[in-house]
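I opened this one with a cup of coffee and a few simple things to look up. Here are my notes, in the order I made them.

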Amino acid sequence: MVINPRSLGLERTANVIRQLVVDQAGPGWDLDKICADEPVISAGMGMSSLEAVEFLVELEKKFGVPLNDLHWWTYDSPTIRQVAQHLIDLAD
């Protein structure tokens, strides 16, 4: 099921992303420990490069938007809140 981030709004979209991070990270991660102002793909999240790509694929599936700007994801280290806004901006 595709979720429209525009209809969710910024905070609820950020919460969905936070939950995806927890699901990706596995046991030991708590949703309450992940701040919306943390970079999504960073050493602190403990994702390998393969896991980061898998996470981006999950975001594309969940929100139904293409995430083509790998430079932004890789070098700008966007926060969860910035990713939520980016998804809202890309939504139809």
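I searched the whole structure for aromatic pairs and found one. The rings of W72 and W73 pair edge-to-face, because their centres are 5.1 Å apart and their planes stand at 80°. For Phe, Tyr and Trp (its six-membered ring), I count a pair if the centres lie within 6.5 Å, with planes under 30 degrees apart as stacked, over 60 as edge-to-face and the rest as tilted.

A note on the source: this is a predicted model, where local features need pLDDT of at least 70 and side-chain atom pairs count only at pLDDT 80 or more, while totals for chains, interfaces and linings use all residues. Residues are numbered from 1 along each chain as its sequence is written, and side-chain values use heavy atoms, with hydrogens and water left out.

Next I checked burial (buried is under 20% relative accessible area, exposed over 50%, partly exposed in between; 1.4 Å probe, protein chains only). W72 is buried at 17% relative accessibility, and W73 is buried at 3%.

Then I looked up the largest pocket (on a 1 Å grid over the protein atoms alone, an open set of points where a 1.4 Å probe fits, with protein on both sides within 12 Å along at least five of seven lines; lining residues have an atom within 4 Å of a point). Its lining includes W73, along with I41, L67 and T74 among others. I noted that α3 gives the largest share of that lining, six residues; helices are DSSP runs of H or I, at least four residues, numbered from the N terminus.

Definitions and conventions: Helices (H or I, at least four residues) and strands (E, at least two) are DSSP runs, numbered from the N terminus.
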